[in-house]
Amino acid sequence: MKDVLAEAVKALRDAFDARAVRFGFLGSVLLVLGSLTPAYLPQVSPLTRAMASLGLAGVEWRWIGTIFTMVGLALLLEFWLRVRPARRESRGQPQLRHWAVLAIVAAPMLAAPPIFSHDAYSYAAHGWLLHNDLNPYLVGPGILPGQFADQVAWVWRDTPAPYAALALQISHCLIVLVGFDPYWSTVIMRVPALIGVGMIGWCIPRIAGRFGINPAAASWFVLANPILIIDFVGGAHNDALMMGLALLGIWVTARWRTWWWGAVVVGVGASIKQPALFVAVVLPFITHAWTSWRLRPLAIAAGRAIASLAISVAVFVLLSIVTGLGFGWINAVDVPGRVTTPSPFTLIGQGIEYLLNLSGIDQGGDTAVTVTRLLGLLVCLIGIVVLAIRHIGRHPLHFVCWGLLLVAFCFPALHSWYLLWGGVLFPMTRPSNRRLRIAIIITAVLLGYEAMVFAVRNGTWLLALLLLWAIWESVKAHELTQNWEAKAPQESLAES
């Protein structure tokens, strides 16, 4: 035990000695300071009133908060690129333990209010509804006026919850634990997210090693990723716990060659958020490759995939019933798409709708948006079929990665943390340097977009433009290459 503790302390010390990690730590501190200003706090909350009582509620504090946030974002991106294993190796520097890097950089966010997204306030409000015997699938937080509802973004106050039943019950238990304090009820929503991040951090290097991927490179891309740090730790999104359980299901399958237990774990993950069910289909292919289109092998492969999905769905259904909430989330599947996001098909539809309105056609309507969103769903369906034909049999993790990324980009709403659904498995695809550059640029663009949204709200859009310029210069300054092969690569289980 002493040896383990000494090794952990050394890993933390080595990580903090790296200048790049201190860059990330400073960026995290600045994000936290920015989150404590009127630039990012809800308009009504205990913390907002506390800041106002200290004279920190003026317009100048919106500017200060935005500046802190913009600089913090730029530092986090620079930190991520600097701790890249290939860069450190080329400079003769020892590799860092990326769990230690994550622990140091994310530490300032642990007791802070939600960073960027205000979804955690909604989680707390849903728990408050349950405590008052109200079903979040039927009513929005605004049905109960008070501090919990006041903290929720106005667009979500009258909308039902789109989350799976277990997530809502966890929210209920957590607000009971902190005595229904509105602020700490929100902060404690970070606990399930941290558990999910812990699962991700534990599973990623182990899954990578079993598939012949460099564990250090995989851990760097995922654990040091600014989106994971900001959205999973800072934003406390329940997607973290969902993906942690999904990866645990993959690891259980790979480690013990028993896809049915992996399917059970994935079913629990789907009870947090439904996209986890996507993973269940591929679990049998991790241990039993499908390589033939002949009738018998095809039937066996299809039967295993359906059985795995059925097990996960059964667990999902059981937990939905046991929690007493059922499947009311079906009525809220359109809720995420009610706000403007950088979803490609939604943006295309809005552009077409704008032109139609200028021409006097469909004034005030949204026909074009509806059509392009349906087109996006069709493209997604076709794409998943193509990916299944190309990858699911021998490269199941490729299918999960690209399939979940396709879902994220084709659905009506796209948030930066949606990219982590498939992004956590991106290293398992052995991406080329070109694909790595694209992934880094997309990450930077989405971070810039999230910053722009808040900057425009605060009347500081010029600062966001400066951030975008800084991000672009930062990306250009790095080589952006990485070798993904393990030094002693293992044969994929699906090919053994």
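User: Where in the chain is Ala-236 found, and how should I read its phi?

Analyst: Ala-236 is found in the loop between α13 and α14 (239-256), where the helix names follow DSSP runs (H or I, at least four residues for a helix; E, at least two, for a strand) numbered from the N terminus. Although Ala-236 is not a glycine, its phi is positive, about 60 degrees. Please keep in mind that this is a predicted model, in which local features need pLDDT of at least 70 and side-chain atom pairs count only at pLDDT 80 or more, while totals for chains, interfaces and linings use all residues. Residues are numbered from 1 along each chain as its sequence is written, and side-chain values use heavy atoms, with hydrogens and water left out.

User: Is Ala-236 buried or exposed?

Analyst: The term depends on relative accessible area: buried means under 20%, exposed over 50%, and partly exposed in between, with a 1.4 Å probe and protein chains only. Ala-236 has a relative accessible area of 3%, and is therefore buried. Phe-116 is another residue other than glycine with a positive phi, near 65 degrees; Phe-116 is found in the loop between α6 (98-106) and α7, and counts as buried at 4% relative accessibility. For Val-281, in the loop between α16 (277-280) and α17 (283-287), the relative accessibility is 23%, so Val-281 counts as partly exposed.

User: Which residues is Val-281 in contact with, leaving aside its neighbours within four places in sequence?

Analyst: Contact means heavy atoms within 4.5 Å, and with those neighbours left aside Val-281 touches Ala-305, Leu-309 and Ile-392.

User: How do I read the packing of two helices, and at what angle do α14 and α15 pack?

Analyst: Axes are lines fitted to C-alpha atoms, for helices over the stretch in contact, and the angle between N-to-C directions runs from 0 to 180 degrees. Angles under 35 degrees count as roughly parallel, over 145 as roughly antiparallel, 65 to 115 as roughly perpendicular and the rest as oblique. Helices α14 and α15 pack at about 180 degrees with their axes 8 Å apart, so α14 is roughly antiparallel to α15. Among the residues that make this contact are Leu-245, Gly-249 and Val-252 of α14, together with Trp-261, Gly-262 and Val-265 of α15. By class, the residues of this contact divide into 10 nonpolar, four polar and no charged, where Ala, Val, Leu, Ile, Met, Phe, Trp, Tyr, Cys and Pro count as nonpolar, Asp, Glu, Lys and Arg as charged, and the others, Gly among them, as polar.

User: What is the angle between α4 and α13?

Analyst: Helix α4 (residues 59-82) and helix α13 (residues 226-234) pack at about 130 degrees, with their axes 9 Å apart, and are therefore oblique to each other. Leu-73, Leu-76, Leu-77, Phe-79 and Trp-80 in α4 meet Pro-226, Ile-229 and Ile-230 in α13. The contact of α4 with α13 has eight nonpolar, no polar and no charged residues.

User: How many aromatic pairs are there, and how is one described?

Analyst: A pair of aromatic rings is described by the distance of the centres and the angle of the planes. Rings of Phe, Tyr and Trp (its six-membered ring) pair if their centres lie within 6.5 Å, and planes under 30 degrees apart count as stacked, over 60 as edge-to-face and the rest as tilted. The count by this rule comes to 23 aromatic pairs. Trp-220 and Trp-484 form a tilted pair, 6.5 Å centre to centre with 35 degrees between the planes. Trp-220 lies in helix α12 (residues 215-223) and Trp-484 in the segment after α24 (461-476), so this pair links distant parts of the chain, 264 residues apart. Trp-220 and Trp-484 are both buried. Trp-402 and Phe-426 form an edge-to-face pair, 6.0 Å centre to centre with 90 degrees between the planes.

User: Which residues form one aromatic cluster?

Analyst: The cluster is formed by Trp-80, Trp-220, Phe-221, Trp-402, Phe-426 and Trp-484. Of these residues, Phe-426 is buried, with a relative accessible area of 5%.

User: How many residues of α7 are buried?

Analyst: Of the 13 residues of α7, 11 are buried, and the helix is mostly covered. What covers the buried residues includes α8 (147-151), α9 and α10. Just after α7, Asp-133 takes a positive phi of about 60 degrees.
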